[in-house]
Amino acid sequence: MSNLIASQKVMQHYLAALLTEEEQTEQVVLAEQKKQQLNELLSQAVVSTSPAVTKTSVQPDTKAQVKADTEAKALAALKERFAVAEKTQQLQQRDVPVAERLATPVKAEPQQPQGAAPVLKDYRQGKFQALFFDVAGLKVAVPLKELGGIHQMGKISSLIGKPEWFKGVMLYREQKINTVDTACWVMPEKYDAMLQEKLNYQYVIMLGNSDWGLCCETLINTYVLEQDDVKWREVGGKRPWMAGLIKKHMCVLVDVDAMIDLLNRGLDISA
């Protein structure tokens with residue numbers, strides 16, 4: 001029992017670290033947005049004030065003073081406009097629930113790979129169901145619409161030259177399933193001999209229409225989730241396999257397509 005409690009505490013700290021890192025990434029994006037807005041206002045101020053200075057007829061000995069006064073007035077007006085815009089944004093955000101702000105995409109255009117169009121997932125509209133399962137004390141969820149099936153763990157044949165997290169190939173009827181040691185894939189830095197010995201995989205969770213299956217120890221349940229129940233991952237960067245964090249359950253929601261892509265390329269969570 002003490003080992004189980006210790007394992008659960010490790011997983012809680014692990015998820016808390018994920019959540020903190022995602023929040024820091026969002027703060028960086030918001031800071032970049034404000035900087036961009038300020039630069040746009042500055043450029044507008046320069047454009048609007050330059051003609052006035054050019055057309056004004058002044059004596060040579062007063063040109064420097066006039067220029068300084070004009071720039072001072074433009075800067076004061078600019079600061080006032082920026083302060084009003086920032087205040088308005090703060091008031092608007094204060095009236096919007098925190099969960100809704102987290103779920104709202106930032107205004108900055110997300111960086112997409114060249115030639116790739118953003119894909120809107122079906123489960124990003126309204127309520128959706130997700131299957132929750134357990135791996136070494138870590139709860140993981142997969143949207144039901146992207147679940148390819150559930151099989152009981154069978155005989156697995158290991159292959160040489162594969163990544164450490166590749167558990168082997170399992171035959172189910174005529175299908176060859178590439179099984180993933182989920183604990184090793186998700187948390188390679190915590191995967192040691194002691195954790196490996198305690199694992200008791202009983203099921204294989206199939207990812208979409210692919211031949212990839214995640215090994216799991218326990219099937220927990222299926223739950224209906226609202227959009228606000230998830231802290232969606234809206235910015236690019238690390239962990240593309242993670243669609244978001246289910247706040248109430250402190251649980252990772254898997255982006256199945258992104259995870260399949262990583263597995264096909266032989267990459268784990270550290271990619």
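## A hairpin to start with

Let's begin with the hairpin that β1 and β2 make: two residues sit between the strands, and A136 has a positive phi near 55°. This is a predicted model, so keep that in mind throughout. Strand β1 covers residues 128-135 and pairs with β2 in the antiparallel sense, over six bridges. If you want one register point to check on screen, F133 stands opposite V140 of β2.

On top of its pairing with β1, β2 is joined to β12 by two bridges, and here the strands run parallel. A141 has L253 in β12 as its bridge partner. Is β2 enclosed by the rest of the structure, or left exposed? Five of its six residues are buried, so β2 is largely enclosed.

## Helix α6 and its cover

Helix α6 spans residues 256-264, and its buried residues are V256, A258, M259, I260, L262 and L263. What covers them? The cover includes β2 (138-143) and β12 (251-254), along with β6 (175-180), α4 (182-186), β7 (203-207) and β8 (212-216). An α-helix has 3.6 residues a turn, so residues three or four places apart point the same way.

One residue of α6 that counts as partly exposed is D257, at a relative accessible area of 45%. After the helix comes G266, with a positive phi near 75°.

## The six-stranded sheet

There is also an open sheet of six strands, ordered β3-β7-β8-β6-β5-β4, and its pairing is mixed. At the edges are β3 (147-152) and β4 (156-157), each of which pairs on one side only. Three of these strands, β6, β7 and β8, are in the list of elements covering α6.

Down at the β4 edge, the neighbour is β5 (residues 166-172), which pairs with β4 in the antiparallel sense over two bridges. S157 finds its bridge partner in β5 at V169.

## Salt bridges

The salt-bridge count comes to five. One of them joins E146 and K121, where the closest N and O atoms are 3.4 Å apart. E146 is in the loop between β2 and β3, while K121 is in the loop between α3 (98-103) and β1, so this pair ties together parts 25 residues apart in sequence. Both ends are tucked away: E146 is buried at a relative accessible area of 13%, and K121 is buried too, at 12%.

K121 also meets D257 in a salt bridge, at 2.6 Å from N to O. That one links the loop between α3 and β1 to helix α6, across 136 residues of sequence. Another pair is E226 with K127, at 3.7 Å. Here E226 belongs to the loop between β9 (218-225) and β10 (230-232) and K127 to the loop between α3 and β1, so the contact ties together parts 99 residues apart. E226 is partly exposed at 37% relative accessible area, whereas K127, at 58%, counts as exposed. As for the network, salt bridges with shared partners join K121, E146, D255 and D257 into one.

## How far to trust it

Mean pLDDT for the protein is 75, with 55% of the residues at 70 or more. Residues 1-7 fall below 50, and this stretch has three contacts in the model beyond near neighbours in sequence. Residues 46-58 stay under 50 as well, with five contacts beyond four places in sequence. Where pLDDT is low, the predicted coordinates should not be read in detail.

Methods
Residues numbered from 1 in each chain as written. Predicted model: local features only at pLDDT ≥ 70, side-chain atom pairs only at ≥ 80, totals over all residues. Heavy atoms only, no water. Pairing = 2+ DSSP bridges. Helix = DSSP H or I, 4+ residues; strand = E, 2+ residues; numbered from the N terminus. pLDDT = per-residue confidence, 0-100. Contact = heavy atoms within 4.5 Å. Buried < 20%, exposed > 50% of the residue type's maximum accessible area, 1.4 Å probe, protein only. Salt bridge = Lys/Arg side-chain N within 4 Å of Asp/Glu carboxyl O.
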